[in-house]
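This report introduces one protein structure to a reader who has not met it before. The sequence and the model are shown first, and selected features are then described in turn.

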Amino acid sequence: MLACELGVMVFPSTQCCLESCSKVFNDPIYGLVPMHPLLVRIIDTPQFQRLRYIKQLGGVCYVYPGASHTRFEHSIGVSHLAEKLVQELNERQPELQITCRDMLCVQIAGLCHDLGHGPFSHLFDKMFIPKVSRGRKWKHEDASVAMFDHLVDQNELKNLMEQHGLVLPEDLDFIREQIAGPIDKTPGKWPYEGRPVEKSFLYEIIANKRNGVDVDKWDYFARDSYYLGLQSNFDHVRYINFARVCEVDGESQICTRDKEVDNLYDMFHTRFSLHRRAYQHRVVNLIELMIADALVKANEHIKIEGSGGEMFRMSEAIDDMEAYSKLTDHVFEQILHSSSPELAEARQILENITCRRLYKFVADSRREVSQVQFEDWAREVARRMNLDANDFVIRIDYGMKEDDPIDQMRFYSKKDPTKAFKISKNQVFFLKPKSFSQHQIRIYYKKETDEETIKAINDDWSRNFPKPQDEPQNEC
């Protein structure tokens, strides 16, 4: 039962707070997904519908044809899992005093956490923006908050939110903090304004900064694996069933049963496997490099109308939500089918992708190589082989943090479910992963050239940057 702050104390978990759900979505991962009327109203806005036109996995669909799902369905899935987790915690621990407001705010945050993604998702913020706005630290989470505010204002949702029991502006702050983190980062002070420290566990549901175990990952593990045709061994249903809030260092933290440690290792192994087999697939990498190059070349020549009729470049649209709401994956077709002479270079790159005339893979390595070292090598090899150094491109994937994420997790036992504790490495099954990260460097060459030249470039790279003995040799 949810303790509703509006005076009504009993609500079955199968119902939304305050009233019955008005719409049910049929999801390929979870089946029938009921949505609260306020969530449906948010979904039925131009700002949220925009997510239908942003692929979840960027250029991965050019290697895995089924992986063309979008941020739209992922966001609905995250909101659904957030509701399931909050319901389970409330039913198991009514002393947590989870309210209808809490649940609805967490669901809204899950629904809106990816509103700020640009064309081709992470390609836009990790490959395009750094090239056109050098030195600028921009995160899609900040844009998600800005787009959420824009969505609320443009669709006049504040009154509707209050009608459904939300308290403004407090609950708006809570939603924003779940998406992008704390507003106040003063050391030694509780950094959040939306909820007190007693409800710190609510901040671990959508984006868990402590250990990375959150519903956002659970959905994309399940959804991406499904559309990629790969298997995920992590069972989020088991985790939800064994989730429990315990006090850890003065804060309320979501913990799980000690016997679930292997399931958690399966979760992080799934993440590593998805990165290795799909997200960082070498052909995916080179296609995304080509898309990013095309967007960079088109940036000066594509203008988007924003607030007050002002025109913005793609790189500038991130500062104006009216313009940014019009920027989606469709920019690919806009460039590809344009007859504008200014877009000729960008158009040629996208035509090459369409006809599978791709950049050439030259070499890869997991050793540390700096950008300066790469540029020095590219100039030297280009001089000796009569090539253009600007046609060499390096892709560095730093991977995930080396730390064992389970070190930041807390567990409880059947004997004493109120006491949280760590599980040391020597208590875990001996086949647990030794590493949760893989540093990967790949070298590509942009121009069409013969296999003999590619082999010569590969040999030169191997001489200058030899691989460790336990690393497999390059296969061009």
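## Helix α9

Helix α9 covers residues 215–228, and its 14 residues should span 20 Å at 1.5 Å a residue. The C-alpha atoms at its ends are 19 Å apart, which agrees with that expectation. The model in which this helix is seen is a predicted one.

Most of α9 is covered, with eleven of its 14 residues buried. The buried residues include V215, D216, K217, W218, D219, Y220 and F221. Further along the helix, R223, D224, S225 and L228 are buried as well. The partners against which the buried residues of α9 pack are β1 (23–27), α3 (71–92), α10 (236–242) and α11 (261–279).

## The two ends of α9

What caps the N-terminal end of α9? The cap is D214, which places a side-chain oxygen 3.3 Å from the backbone nitrogen of D216. D216 itself is among the buried residues of the helix. After α9 comes G229, a residue with a positive phi, near 80 degrees.

## Nonpolar cores

The largest nonpolar core contains 121 residues. Within this core, the residues with the most contacts are I108, I205, W218 and Y324. Helix α12 (residues 282–298) supplies the largest share of the core, namely ten residues. A second core, separate from this one, has 18 residues, among them V369, W377, Y445 and I457.

W218 connects this topic with helix α9, where W218 is one of the buried residues. Leaving aside residues up to four places away in sequence, W218 touches L81, L85, V213, F234, H236, Y239, I240 and M267.

## Strand β10 and its partner

Strand β10 comprises residues 440–445, and six of its six residues are buried. Both faces of the strand are covered. On one side lie Q440, R442 and Y444, and on the other lie I441, I443 and Y445.

Strand β7 (residues 360–365) is joined to β10 by five bridges, and the two strands run antiparallel. In this pairing, K360 stands opposite Y445 of β10. Y445 also belongs to the second nonpolar core.

## A sheet of three strands

In what order do the three strands of the open sheet lie? The order is β3-β4-β9, and the pairing is mixed. The edges are formed by β3 (244–248) and β9 (411–412), each of which pairs on one side only.

Strand β4 (residues 251–257) pairs with β9 in the parallel sense, over two bridges. The bridge partner of R257 in β9 is Y412.

## Salt bridges

The structure holds 32 salt bridges. One of them joins the side chains of R195 and E170, at 3.6 Å from N to O. This pair links distant parts of the chain, since R195 lies in the loop between α8 (170–180) and α9, while E170 lies in helix α8, 25 residues apart. R195 has a relative accessible area of 5% and is therefore buried, whereas E170, at 35% relative accessibility, counts as partly exposed. Both residues also take part in a network of salt bridges that links R101, D102, E170, D171, R195 and K199.

A second example is formed by the side chains of D293 and K446, at 3.4 Å from N to O. This pair, too, links distant parts of the chain: D293 is in helix α12 and K446 is in the loop between β10 and α18 (451–464), 153 residues apart. With a relative accessible area of 10%, D293 is buried, while K446 counts as partly exposed at 29% relative accessibility.

## A salt bridge within helix α18

The side chains of R463 and D460 meet in a salt bridge of 3.3 Å, from N to O. Both residues lie in helix α18, three residues apart, which is about one turn of the helix. Is R463 buried or exposed? R463 is exposed because its relative accessible area is 59%, and the cut-off for an exposed residue is over 50%. D460, in contrast, has a relative accessible area of 2% and is buried, the limit for buried residues being under 20%.

How values were computed: Residues are numbered from 1 along each chain as its sequence is written. This is a predicted model: local features need pLDDT of at least 70, side-chain atom pairs count only at pLDDT 80 or more; totals for chains, interfaces and linings use all residues. Side-chain values use heavy atoms; hydrogens and water are left out. Helices (H or I, at least four residues) and strands (E, at least two) are DSSP runs, numbered from the N terminus. The expected span of a helix is 1.5 Å times one less than its number of residues. Buried means under 20% relative accessible area, exposed over 50%, partly exposed in between (1.4 Å probe, protein chains only). Contact means heavy atoms within 4.5 Å. A polar contact is a pair of N or O atoms within 3.5 Å; within protein, one must be able to donate a hydrogen and the other to accept it, and residues adjacent in sequence count only if both atoms are side-chain atoms. Two strands pair if DSSP finds at least two bridges between them. A nonpolar core is a set of buried Ala, Val, Leu, Ile, Met, Phe, Trp, Tyr and Cys residues joined through side-chain atoms within 4.5 Å. A salt bridge is a side-chain nitrogen of Lys or Arg within 4 Å of a carboxyl oxygen of Asp or Glu.
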